[in-house]
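Here are my notes from going through the model you sent. Have the structure open while you read.

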Amino acid sequence: MHRTIFTTPGVSTLLRRLSIAWLKLAGWTVQGELLPQARKSVFIAAPHTSNWDLPYTLFAAFALRLTPYWIGKDSIFRFPFGGLMRWLGGIPVDRSKSNNLVEASAAALRAADGPVQLIVPPEGTRSKTIYWKTGFYWIAVTAELPIVMAYMDYPRKLVGLGPIFRPTGDVDADMTEIKRYYAQYKGKNSDQFTHE
């Protein structure tokens, strides 16, 4: 995996302090911690309903001492922001091509020699969606890694790490259980997020 802002010596320490201070000043509470068995894992990032989710996710990642990478549409990686987005942990994805993102992501996670958390929003977009995409699920199954249920709740100003979920391979039953967990959280634009 490429070097990011989270693995750059000195910078990461300074930004962790600034992130904690910013979240406190803004009234947010950071909850949970990364358990040792989830050093390599797939994170569900939900609900994902606003562009504001990215900065708050980055602040929380610093506060929680994570080593996150995230998948984003390739258009945000174009000049002049491409280098910055990669340094922030971004991995560009061309959503118009049907390539094997699941296998490529799982292989990268398996090959990583240190801690790495791949953040994937199940909605696949900030726009209103009815169905969740299951890419995060199949990445975890293929890489044989746990899923960490990370959350953000704008009305209560909570951000954090929920329980670890071990996929069973029964995607329908597992998705029902995962969505049930997320029913308690509201995104910035909560009308765009469905947990049903």
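1. Let's begin with Arg-65, which is exposed at a relative accessible area of 61%. You'll find Arg-65 in the loop between helix H2 (53–63) and E3. Its phi is near 60°, a positive value in a residue other than glycine. Keep in mind that this is a predicted model.

2. Glu-144 belongs in the same conversation. Phi of Glu-144 is near 55°, again positive in a residue that isn't glycine. This one sits in the loop between H5 and strand E6 (147–153), and with 70% relative accessibility Glu-144 counts as exposed. As background, most residues other than glycine have a negative phi, and most peptide bonds are trans.

3. On the peptide bonds, have a look at Phe-79 and Pro-80: a cis bond joins them, with omega at about 10°. Pro-80 lies in the loop between E3 and helix H3 (82–87).

4. Now the overall layout. The chain has six helices and seven strands, and from the N terminus on they run α-β-β-α-β-α-β-α-β-α-β-β-α. Of its 196 residues, 44% count as buried. Among contacts with a separation of 6 or more, 72% are between residues 24 or more positions apart.

5. Which residues of helix H4 (residues 101–111) are buried? They are Ser-105, Ala-106 and Leu-109. These cover an arc of only 100° around the axis, which puts them on the same side of H4. That fits the usual geometry: an α-helix has 3.6 residues a turn, so residues three or four places apart point the same way.

6. And what covers that buried set? The cover includes strand E2 (40–46), strand E3 (68–73), strand E5 (116–120) and helix H5 (135–143).

7. The pairing of H4 with H5 deserves a closer look. The two pack at an angle of about 45°, with their axes 8 Å apart. Angles from 35 to 65 degrees fall in the oblique class, so H4 and H5 are oblique to each other. Their crossing is right-handed.

8. For the residues involved, H4 brings Val-102, Glu-103, Ser-105, Ala-106, Leu-109 and Arg-110, while H5 meets them with Gly-135, Trp-138, Ile-139, Thr-142 and Ala-143. By class, that contact has six nonpolar, three polar and two charged residues. Ser-105, Ala-106 and Leu-109 turn up here as well as in the buried set of H4.

Key: Residues are numbered from 1 along each chain as its sequence is written. This is a predicted model: local features need pLDDT of at least 70, side-chain atom pairs count only at pLDDT 80 or more; totals for chains, interfaces and linings use all residues. Side-chain values use heavy atoms; hydrogens and water are left out. Buried means under 20% relative accessible area, exposed over 50%, partly exposed in between (1.4 Å probe, protein chains only). Helices (H or I, at least four residues) and strands (E, at least two) are DSSP runs, numbered from the N terminus. The arc is that of the directions from the helix axis to the C-beta atoms. Contact means heavy atoms within 4.5 Å. Axes are lines fitted to C-alpha atoms, for helices over the stretch in contact, and angles run from 0 to 180 degrees between N-to-C directions. Angles under 35 degrees count as roughly parallel, over 145 as roughly antiparallel, 65 to 115 as roughly perpendicular and the rest as oblique. A crossing is left-handed if the near helix is turned anticlockwise from the far one by less than a right angle, and right-handed if clockwise. Ala, Val, Leu, Ile, Met, Phe, Trp, Tyr, Cys and Pro count as nonpolar, Asp, Glu, Lys and Arg as charged, and the others, Gly among them, as polar.
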